[in-house]
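Me: Please give me a close look at one part of this model, the region where several helices pack and aromatic rings come together. I would like one connected account, with every cut-off stated where it matters.

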Amino acid sequence: MNTANQSDRITRIPVKPVVIPRDKHIISRSSISDNALKVLYRLKNAGYKAFLVGGSVRDLLLGREPKDFDVVTDARPEQIRELFRNCHLIGRRFRLAHVRFGLEIIEVSTFRASHNVTADDDGHSKDGRILRDNVYGDIDDDVWRRDFTVNALFYNIEDFTVLDYVGAMQDITDGQLRLIGDPVQRFTEDPVRLLRAVRFAVKLGFRIHPQAEQSIHQLGHLLEEIPPARLFEEVLKLFMGGYALQTFEMLRHYDLFKYLFPQTERILNEEEGGFPHMFLIQALKNTDQRISEEKTVNPAFLLAALLWEPLQKLANDCMANGLSEMESIQLAGDSVISRQISGTAMPRRFTQIAREIWSLQPRLKNRTPKRVLRLTEHPRFRAAYDFLLLRAQAGEAIQDLADWWTAYLAKTGDKVEADAQKARPHPPRLRRRRRRRGSDKPPSS
Ligand code: ATP
Ligand code: MG
């Protein structure tokens, strides 16, 4: 496959966008965040081009509330910084500006070209992956580096038109997720797009274009090349977006789940027909339910749930070899986590909490008053209790134990909950975190 040539075909043909005037689309300024508007207008008033782009335009056209607003401009990062006091430049490989307004961050990037529009060096690895993506361009370059057509619409603050270079409006109408260009090439350039396809298909309720679908079935193995830290970011987005159960099912359908949670996949495949255990389904449903109620979800809890099946299996093996239940869970926990992070690097603050949730499970069986008091003071008690409830809901023979704890907590009132709230870590910011400190790094890479 000659990837450079194929992409030259995409990038070099001058394409005029379809311009959708203000009265032919539904995006109104009242549905754009005030801060994003401020950024757009300030850029425009300083003489730069400024567009809303990506997920926010897509979501507004679908009548959905965007998660965040991204802006793209012809101003260079230093020029952006001059315009905004509250602005940080981030990123080593490609500099972006973050303009901060309290909790809201508007990401402002400069138009970029796919590296391959420059003829000298095509910026790809031998196997076609993008290694560099750091050449400034204009809007008609920028459009081609985006992944799906529906993510490549531009809302122009100059005249409130929407620019469509790639037939995205039709795909929005048809509810179709289509890659820009050749699916094999675009997935190969950046295999994370395989996961993004699933995430967007579920989130938007779109069907994946048949050609892309076929490529997903063939190219999953490319995910093995993705750095573990990047995979973890994607895992969070996949499972913390409010559609964890559907996402899990679709990932399994395309045989991608095994690249994210290989140990869990192995256990699921040992089941008759590969059906997931009730526990996993229940945990994912629960996560979605909490998110829809705007409650916090701790990624560590989800991690503990996603790895519970392999953990139990290994712990049972240890117990069969004569270790105590407590020792077995700790030993199995270490092993399951260290295998997991060789594929997806989980920050230690999450893996540690997952271990604690598991270790507290046998301790919850002990109901002597002294132990009970000590347990309720444990910072992970509440999470461990929730985990126990989930196990009971999923049909484990521990309903009596779960009921006992529920009754105990009802009796002791809100104190335990208040303490637990204090101890509970804040939910992570999914999007804007750039650096991971103290990451539970995989042994190699
Ligand atoms: P979400 O609703 O999840 O924020 P989004 O479309 O805004 O969806 P982001 O990950 O925030 O997705 O990325 C913003 C935009 O950047 C995308 O819409 C797309 O145009 C482009 N983009 C992001 N990641 C990639 C990628 N891996 N390959 C190509 N384009 C990408
Ligand atoms: Mg976005």
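Reply:
**Helix crossings and an aromatic cluster**

Serine 342 counts as partly exposed, with a relative accessibility of 42% (buried is under 20% relative accessible area, exposed over 50% and partly exposed in between, with a 1.4 Å probe and protein chains only). This is a predicted model, in which local features need pLDDT of at least 70 and side-chain atom pairs pLDDT 80 or more, while totals use all residues, and side-chain values rest on heavy atoms without hydrogens or water. Residues are numbered from 1 along each chain as written, with chains lettered from A and ligands numbered from 1 in the order written.

Serine 342 sits in the loop that joins helix H17 (325-341) to H18, where helices (H or I, at least four residues) and strands (E, at least two) are DSSP runs numbered from the N terminus. In space, the C-alpha of serine 342 is 9.8 Å from the C-alpha of alanine 229, although 113 residues separate the two in sequence.

Past that loop, helix H18 (residues 348-363) meets helix H20 (residues 381-393), with axes that come within 9 Å and cross at roughly 70°; axes are lines fitted to C-alpha atoms, for helices over the stretch in contact, and angles run from 0 to 180 degrees between N-to-C directions. H18 and H20 are therefore roughly perpendicular to each other (65 to 115 degrees, against under 35 for roughly parallel, over 145 for roughly antiparallel and oblique for the rest). On the H18 side the contact (heavy atoms within 4.5 Å) is made by Ile357, Trp358, Leu360 and Gln361, and on the H20 side by Phe381, Ala383, Ala384, Phe387, Leu388 and Arg391.

The loop between H19 and H20 holds histidine 378, which reaches back to H18. Leaving aside residues up to four places away in sequence, histidine 378 touches Glu356, Leu360 and Arg363. The C-alpha atoms of histidine 378 and glutamate 356 are 9.6 Å apart, for a spacing of 22 residues along the chain.

A second crossing involves helix H19 (residues 369-376) and helix H21 (residues 399-412), whose axes come within 13 Å and cross at roughly 75°. H19 and H21 are therefore also roughly perpendicular to each other. Here Val372, Leu373, Leu375 and Thr376 of H19 are set against Trp404, Trp405 and Tyr408 of H21.

Those three H21 residues take part in a cluster as well, since ring pairs link Phe381, Tyr385, Trp404, Trp405 and Tyr408. Phe381 of this cluster is also among the H20 residues in the contact with H18. Rings of Phe, Tyr and Trp (its six-membered ring) pair if their centres lie within 6.5 Å, with planes under 30 degrees apart counted as stacked, over 60 as edge-to-face and the rest as tilted. By this rule there are 18 aromatic pairs.

One of these, outside the helices described so far, joins phenylalanine 154 to tyrosine 165 in an edge-to-face arrangement, with 6.3 Å between centres and 75° between planes. It links distant parts of the chain, eleven residues apart, with phenylalanine 154 in strand E9 (residues 153-156) and tyrosine 165 in the loop between strand E10 (162-164) and helix H6 (168-174). Both phenylalanine 154 and tyrosine 165 are buried. Within the cluster, tryptophan 404 and tryptophan 405 likewise form an edge-to-face pair, at 5.0 Å centre to centre and 90° between the planes. Of these two neighbours, tryptophan 404 is partly exposed, with a relative accessible area of 29%, whereas tryptophan 405 is buried, with a relative accessible area of 0%.

Two backbone details deserve a look elsewhere in the chain. Most residues other than glycine have a negative phi. Phenylalanine 160, however, has a positive phi of about 65°; this residue lies in the loop between E9 and E10 and is buried, at a relative accessible area of 18%. Aspartate 255 likewise has a positive phi, near 60°, and is found in the loop between helix H11 (244-253) and helix H12 (257-260), where a relative accessibility of 36% makes it partly exposed.

As for the setting of the whole region, the chain has 22 helices and twelve strands, and buried residues make up 53% of its 445 residues. Among contacts between residues at least 6 apart in sequence, 69% join residues at least 24 apart.
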